[in-house]
Amino acid sequence: MSEQSIRVLLAAGGSAGHVNPALAIADKITDVFPKSDILFAGTRGGLEARLVARAGYNFSPIKAAGFQRRITPTNIGRNAKAAYYFLTAVRESKKIINQFKPDVVVGTGGYVTAPVLRAAAKAGIKTVTHESNSLPGIATKMLSRTADKVFLSSEDTLKYFPDNAESTKKYVVTGNPLRKGFRKGEKGNTRAEALASLGLTGSMTILSFGGSLGANAITEAVIELLSWEKGRDINHIHAYGGNGKTVFEKLMSEKGIKTVKGKNIFAEYIHNMYTCITAADLVICRSGSMTQTELKAFGRASIQIPWAGAAENHQYYNALTMKEAGATILINDAEINGGKLIEVVSGLYNDKLRIRLMEENASRMSAPNAAGIIVSEIINLI
């Protein structure tokens, strides 16, 4: 490491919740040390390859695959392939490390992280890992044994590491870092400005979505909610996702619900999410780590329906952390339906003070300087 630059290898993959924190760390490093060399490692066909290229960083592909937890004949074959890929990924990682010669290797999750950080640790290079979820994954627990630093999203996560009492300096609660381009609304920082840019006129705005692919259970409940909203001064923005268009259009037709200019915005994907979340009084969503990070950063009340199929049910624990802080209402995936959603939303519609309290509680959970803390810890380490 020189006084003006460091060489950093970042390993991340699989989902935006793993890749975006890595990009935020990279952005902060280049802010502090503009001449730094940054390299990402990930799978060639993964989301990470597209996001890293769009951000303008160099990328080295590694062939890797995740292990399946359910034991079925098909999954036994998949796990055999994953085990083979793990061994080859460690060899590929060694080559990348020998060529790039990083000062530190940073992992933020995804199955590509383990072989890269394992190879780095064996080479005597400092390694750090970041866990964005309240419930740490298997990879984070495994890597924590050899990592020099473990960064966590919340205090709740500490209890999953039995050695934290003896080695408190190793574990640092930082929150989840957001990218440097993060702004509260592309067209204005206030609700009024965001509403004006969206052309919405109602006194309460609800934003609902189930992720990029969608969640039909949420969409079906939202359709019922839209029927209830008729005659009420409510705006509603809903993203039905890549797999939800057919279900959405069919139910809209059956219920006789139409898009009303100045009241509703319906789309497959929300490209101006920051504007929409700035405009929102209430957000109905899943409980992925980055969705939660944005809710906290904006200070938004929410109804969270954690996806039951998430690995180790980690979305439930993400939502539980916010529920216990009074920042969200948690509805289990198996319980979500139109009647339940209407019951909860109608209660909040008639209790604006509770919404404001939830906003304040969400804001208190925000970690605006997470990337800065992580980079400072990295600098002190190397």
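Begin by selecting Met 290, which counts as buried because its relative accessibility is 10%, under the 20% that marks the limit for a buried residue. The model you have open is a predicted one, and in it Met 290 has its place in helix α10. If you display the surroundings of this side chain, leaving aside residues up to four places away in sequence, you will find that Met 290 touches Ala 16, Gly 17, Asn 20, Pro 21, Pro 177 and Leu 178. Add Asn 133 to the selection as well: 157 residues separate Asn 133 from Met 290 in sequence, yet their C-alpha atoms are 8.9 Å apart in space.

From Met 290, widen the selection to the whole of helix α10, residues 289-298, which carries the chain from β11 to β12 in a right-handed β-α-β crossover. Strand β11, residues 282-285, runs parallel to β12 and is joined to it by 4 bridges; to see one of these pairings, select Cys 285, whose bridge partner in β12 is Gln 304.

Stay with β12, residues 301-304, and look at its two faces, both of which are covered: Ala 301 and Ile 303 are buried on one side, while Ser 302 and Gln 304 are buried on the other. This arrangement can be read against a general pattern, namely that side chains in a regular strand alternate between the two faces of the sheet. Next, select strand β13, residues 328-330, which runs parallel to β12 and is joined to it by 3 bridges, with Thr 328 as the bridge partner of Ser 302. The chain passes from β12 to β13 through helix α11, residues 314-324, and this β-α-β crossover is again right-handed.

Now select Ile 303 together with Leu 341 and Val 345, the residues that touch the most other members of the largest nonpolar core, which has 33 residues. Elements that each supply at least two residues of this core include β8 (204-209), α8 (245-255), α12 (338-349) and α13 (352-364), and α7 gives the most, with 7 residues. Centre the view on Leu 341, which touches Ala 221, Val 222, Leu 225, Ile 284, Ile 303 and Ile 336 when residues up to four places away in sequence are not counted. Apart from this core lies another, of 24 residues, among them Val 8, Ala 22, Val 106 and Val 172.

For the next stop, select the 7 strands that form an open sheet with parallel pairing, in the order β3-β2-β1-β4-β5-β6-β7. Its edges are β3 (58-61) and β7 (171-173), each of which pairs on one side only, and neighbouring strands in the sheet are turned by 20° against each other on average, direction ignored. At the β7 edge, 3 bridges join β7 to the parallel strand β6, residues 149-152, and here Val 150 stands opposite Tyr 171. Then add helix α1, residues 16-32, which lies across β1 (7-11), β2 (37-42), β4 (104-107) and β5 (126-131) and runs at about 170° to β2.

Finally, show the entire protein chain, which has 14 helices and 13 strands. Buried residues make up 54% of its 382 residues, and the accessible surface comes to about 17400 Å², of which 50% belongs to carbon and sulfur atoms. Among contacts with a separation of 6 or more, 68% are between residues 24 or more positions apart.

Definitions and conventions
Residues numbered from 1 in each chain as written. Predicted model: local features only at pLDDT ≥ 70, side-chain atom pairs only at ≥ 80, totals over all residues. Heavy atoms only, no water. Pairing = 2+ DSSP bridges. Axes fitted to C-alpha atoms, helices over the stretch in contact; angles between N-to-C directions. Contact = heavy atoms within 4.5 Å. Buried < 20%, exposed > 50% of the residue type's maximum accessible area, 1.4 Å probe, protein only. Right-handed = clockwise from strand over helix to strand, strands pointing away. Areas by Shrake-Rupley, 256 points an atom, 1.4 Å probe, with all protein chains shown as cover. Core = buried A, V, L, I, M, F, W, Y, C linked by side-chain atoms within 4.5 Å.
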